Amino acid sequence: MLSLHAAPRATRPGRAHRATSDSAPRIGLAIAGGGPIGGMYELGALRAFEDAIEGLDLTRMDCYVGVSSGAFLAAGLANRMSAGEMCRIFITGDSDDVRFRPETFLRPAMFEYARRAASLPRLTFEWWRGLLLGPRDARWSDLLNRFGGLVPTGLFDNARIETFLREIFTRRGRSNDFRKLDRPLYVVAVDLDNGEAVRFGGEGWNDVPISQAVQASAALPGLYPPVDVRGRQFVDGALRRTMHASVLLERGIDLLLGVNPLVPFKNSDGKSRPEHALAEGGLPAVLSQTFRTLLQSRMQVGLARYVQQYPNIDQLVFEPNETDGDLFFTNAFSFASRRRVCQLGYRNALDDLRKRREALAPVLAAHGLSLRTEVLDDANRTVLSALPPAPPRSTETTARLRRALDDTERLVAQQGRKRRVV
């Protein structure tokens, strides 16, 4: 499902010939959250963009913003890790660089459990003292408030997630420092104590390691404990906004690409057959539908506002179809389903591009981009069959050399285009 706002062509003089100038199109990429499964859906969609849009290099966008699971992908792209390369890490497992282990994301938060349990004697003593000395009508009603502090703030430990990312971003020419990236990257998290959204990578917060910023942005309350940064407790950035696309729109980009994997499920069977109603799925299904509805409603309001505030910026936002039951009913932490969900994101994005190709063609052309017809019309194409051959095995030295050669090749190409224009 593609939301498209095409800016009036007459209001943007000079952009049509951007493809023949030495100035690259100013494109921003915003990636929302959605847990591990949402992240795999987004990865498939991003791989479709790489495959089907001629002239688009997701590793060299003008700027990036990522929220929650989307922050993982945005940080990887900003570090020049292509969507294809990340597919080899998370889907095929044949990367010669990173060994991904799903259990890294699902380790019980034993320290958090122990820390909470350690307060049991004190809370018990205080409750008994209040029960004996306090007013009779407040004795039992105080029980929940007092012992609520024993409930862990998260089921899983996210410290290993930070370690996993830090190891990736500190080798092969990549960086764990926002200030050393080639392009601006913003990772959004929310301060739990005041509800303030903080842009890691922005002014005053760009010295925080990228790995820690992503850990904080993905700390979904109830699943992961808050992350301490400078003595402040941070949680999932989606609590304030779904995609935080305004972070990029404020920078004056020409084209916004956005991906949001969470939309409410449209259950037509539930209307005619009550036994198929979502409520029959119990609390998990009800909470999932509620959460998705709230996020998508907020997303639609935001997109409508962005069209009014930034009418001269082309905006393309990709979301799943409302009838994608496979995506809705997949366990949000089921890594076993990641290949199927990634393929779903890949095919949905290709279908959106194919169905809207006539409307998209002039929008993309204004930024030096075009659609690859042979890719869009290949009904048998899959996210894995479209992967380029794996690069040869490399060491730290050869990986850095390959990166430098890529930079040189790009610089030579830019100089060639500049001479042709002159």
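Over residues 11-22 the pLDDT stays under 50, pLDDT being the predictor's confidence in each residue, from 0 to 100. For this stretch the model has 26 contacts beyond four places in sequence, a contact meaning heavy atoms within 4.5 Å. Where pLDDT is low, the predicted coordinates should not be read in detail. The protein chain averages a pLDDT of 81, and 75% of the residues score at least 70. The model is predicted, so to speak of local features a pLDDT of at least 70 is needed, side-chain atom pairs count only at pLDDT 80 or more, and totals for chains, interfaces and linings use all residues. Residues are numbered from 1 along each chain as its sequence is written, and side-chain values use heavy atoms, with hydrogens and water left out.

A good place to start is helix α3, residues 83-92. Helices (H or I, at least four residues) and strands (E, at least two) are DSSP runs, numbered from the N terminus. Eight of the 10 residues in α3 are buried, where buried means under 20% relative accessible area, exposed over 50%, and partly exposed in between (1.4 Å probe, protein chains only). The buried residues of α3 are A83, G84, M86, C87, R88, I89, F90 and I91. Their cover includes α1 (35-52), α2 (69-78) and α13 (338-355). After α3 comes G93, with a positive phi near 75°. F90 also belongs to an aromatic cluster, together with F100 and F164.

Aromatic pairs come next: a search of the whole structure finds eight of them. Rings of Phe, Tyr and Trp (its six-membered ring) pair if their centres lie within 6.5 Å; planes under 30 degrees apart count as stacked, over 60 as edge-to-face and the rest as tilted. F49 and F318 form a tilted pair, 4.7 Å centre to centre with 55° between the planes. Because F49 lies in helix α1 and F318 in strand β10 (residues 314-318), this pair ties together parts that are 269 residues apart in sequence. Both F49 and F318 are buried. Y306 and Y310 also form a tilted pair, at 6.5 Å centre to centre and 55° between the planes. Y306 counts as buried at 6% relative accessibility, and Y310 is buried with a relative accessible area of 19%.

Helix α11 (residues 282-309) offers two further residues to look at, L287 and Q289. L287 is partly exposed, with a relative accessible area of 49%, whereas Q289 counts as buried at 17%. Leaving aside neighbours within four places in sequence, Q289 is in contact with P264, F265, L278 and F328. L287 joins L283 and V286 in a nonpolar surface patch of about 280 Å². Patches are made of residues with over 30% relative accessible area and no salt bridge, like charges being joined within 9 Å and nonpolar side chains (Val, Leu, Ile, Met, Phe, Trp, Tyr) within 5 Å. A salt bridge is a side-chain nitrogen of Lys or Arg within 4 Å of a carboxyl oxygen of Asp or Glu. Accessible areas come from the Shrake-Rupley method with a 1.4 Å probe; for residues, only the protein chains shown count as cover.

Finally, the backbone deserves a look. Most residues other than glycine have a negative phi. R172, however, has a positive phi near 55°; R172 sits in the loop between α7 (159-168) and β5 (185-191) and is buried, with a relative accessible area of 13%. H244 has a positive phi of about 55° although it is not a glycine. H244 lies in the loop between β8 (232-236) and α9 (246-249), and is buried at a relative accessible area of 5%.
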